[in-house]
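Colleague: I am new to this structure and should be grateful for a guided reading of it. May we begin once it is in view?

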Amino acid sequence: MNLRNARVDGFFRKYVPSTASLSYNPIFKLVGYVNDSVMKLLVPEFRSLPPNHLRVRVGVGNKLFNNHAHCLLSGFNFWIDLFSNGRCALDSSIVELGCGYGRKAAHLKNYSIQGDEFTGSYLGIDVDDELLEYAKNAFTDGSKFTFQKSPHSSRTYGSRDMADLVEGVTCRIECHDDSQDLVYSTSLFTHLLEEELKNYVEESYRVLKPGAVMQMNVFVYEFLHRSGNLGSRFKFKHRKGNAYIESLDFPEAAVAYSSIFLESLCAEIGFSDVELRVDDVYGEALQSFLICTK
Ligand SMILES: C[S@@+](CC[C@H](N)C(=O)[O-])C[C@H]1O[C@@H](n2cnc3c(N)ncnc32)[C@H](O)[C@@H]1O
């Protein structure tokens with residue numbers, strides 16, 4: 001991201017701390033629906049996508065409209081990276097935390113080359129009922145693809161009703177101990193406060209087979225600082241426990257942690273190899289990969 005864009009982005013984020021929160025607004029939904037109807041009429045490939053507000057909710061790099069191509073392509077590099085590094089295979093058992101509408105899982109569902117298909121299992125977990133409802137209807141093969149509602153609360157995602165917000169609720173992944181080949185998330189740990197993050201690291205450790213990998217995208221505070229990405233789009237000037245947060249009103253809008261916190265938490269929970277790697281898959285070096293082996 002160049003500095004000029006980062007400044008514009010920083011200014012935009014000051015007034016809209018989370019584009020996800022915009023996606024719950026009825027006027028925004030309506031405008032997106034009208035725009036979407038035209039685009040889906042013109043381009044048949046776009047018809048497999050959910051409505052615009054759901055695409056915006058899971059992140060479209062500030063492309064509030066006409067983000068169809070972005071959503072269809074999102075995830076290709078991600079899977080190539082996972083398969084080429086041997087972190088999963090076509091018959092793997094996979095858990096995705098913060099699965100959204102199944103944008104990443106769609107590539108597994110659609111994979112078909114010379115008779116080879118995905119034969120493993122995929123469990124997607126999310127807090128947002130509307131996203132989960134869409135995913136359940138889009139992934140009809142219940143023998144391979146299942147979805148689970150997380151009871152976590154968030155002021156940025158899901159119900160967001162202050163009355164429903166309960167802190168300290170934990171999520172148990174609906175899988176047996178030592179049963180999964182991969183647990184991953186993309187852009188979830190960047191929205192989690194400490195308790196929920198710790199809960200998911202513990203649960204990932206529990207369900208993974210020995211030797212299997214957990215891979216999560218994270219914001220690492222000092223990496224952002226070192227790469228000059230702190231101060232324009234992200235400032236992370238507030239603290240909540242070990243979390244560096246962007247907005248006090250929407251604490252989950254963007255959350256960063258120090259590398260020492262992330263590394264020591266994963267090691268304490270039991271992971272053997274713990275690695276933090278700058279994620280340049282998107283060419284922005286904003287997020288990093290937290291990759292841990294059980
Ligand atoms: C930035 S979106 C990314 C979605 C998806 N990973 C993708 O790339 O399309 C973050 C997702 O995490 C979900 N989420 C937020 N807090 C969560 C929590 N505590 N547990 C599970 N999912 C959560 C949101 O509802 C949203 O779908």
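Colleague: How many disulfides does the structure hold?

Modeller: A disulfide is a covalent bond between the sulfur atoms of two cysteines. The criterion applied to this predicted model is a pair of cysteine sulfur atoms within 2.5 Å. By that criterion the number of disulfides in the structure is zero.

Colleague: Which cysteine has the sulfur closest to that of cysteine 266, and why is there no bond?

Modeller: Cysteine 266 is buried, because its relative accessibility is 1% and the term covers values under 20% relative accessible area, with exposed meaning over 50% and partly exposed in between (1.4 Å probe, protein chains only). The closest cysteine sulfur lies 3.8 Å away, which is too far for a bond. That sulfur belongs to cysteine 292.

Colleague: What pLDDT do local features need in this model?

Modeller: Residues are numbered from 1 along each chain as its sequence is written, and side-chain values use heavy atoms, without hydrogens and water. The model is predicted, so side-chain atom pairs count only at pLDDT 80 or more, totals for chains, interfaces and linings use all residues, and local features need a pLDDT of at least 70.

Colleague: What share of the residues in the protein chain is buried?

Modeller: The protein chain has 11 helices and 12 strands, where helices (H or I, at least four residues) and strands (E, at least two) are DSSP runs numbered from the N terminus. Among contacts with a separation of 6 or more, 69% join residues 24 or more positions apart; contact means heavy atoms within 4.5 Å. Of the 294 residues, the buried share is 51%.

Colleague: How is helix 9 oriented to helix 11: roughly parallel, roughly perpendicular or oblique?

Modeller: The axes of helix 9 (residues 194–207) and helix 11 (residues 259–269) come within 10 Å and cross at roughly 40 degrees. These axes are lines fitted to C-alpha atoms over the stretch in contact, with angles from 0 to 180 degrees between N-to-C directions. Angles under 35 degrees count as roughly parallel, over 145 as roughly antiparallel, 65 to 115 as roughly perpendicular and the rest as oblique. Helix 9 is therefore, with respect to helix 11, oblique.

Colleague: How many residues of the contact of helix 9 with helix 11 are nonpolar?

Modeller: Helix 9 contributes Glu194, Leu197, Lys198, Val201, Glu202 and Tyr205, while helix 11 contributes Phe261, Leu262, Leu265, Cys266 and Ile269. Ala, Val, Leu, Ile, Met, Phe, Trp, Tyr, Cys and Pro count as nonpolar, Asp, Glu, Lys and Arg as charged, and the others, Gly among them, as polar. The contact has three charged residues and no polar ones, and its nonpolar residues number eight.

Colleague: Which residue lies 7.1 Å from glycine 241, C-alpha to C-alpha?

Modeller: Glycine 241 sits in the loop between strand 8 (238–240) and strand 9 (243–245). With a relative accessible area of 59%, glycine 241 is exposed. The residue in question is 47 residues away along the chain, and is glutamate 194.

Colleague: Is aspartate 128 buried or exposed?

Modeller: Aspartate 128 occupies the loop between strand 4 (121–126) and helix 8 (129–138). Not counting residues up to four places away in sequence, aspartate 128 touches Tyr24, Arg57 and Gly158. Its relative accessible area is 2%, so aspartate 128 is buried.

Colleague: What is the C-alpha to C-alpha distance between alanine 105 and phenylalanine 139?

Modeller: Alanine 105 belongs to helix 7 (residues 105–110) and, at 0% relative accessibility, is buried. Leaving aside neighbours within four places in sequence, its contacts are Glu96, Tyr122, Phe139, Phe145 and Tyr184. Alanine 105 and phenylalanine 139 are 34 residues apart in sequence, and their distance in space is 9.1 Å.

Colleague: What is the phi of asparagine 66?

Modeller: Asparagine 66 is in the loop between helix 4 (52–57) and helix 5 (68–73). At 44% relative accessibility, asparagine 66 is partly exposed. Although asparagine 66 is not a glycine, its phi is positive, at about 50 degrees.
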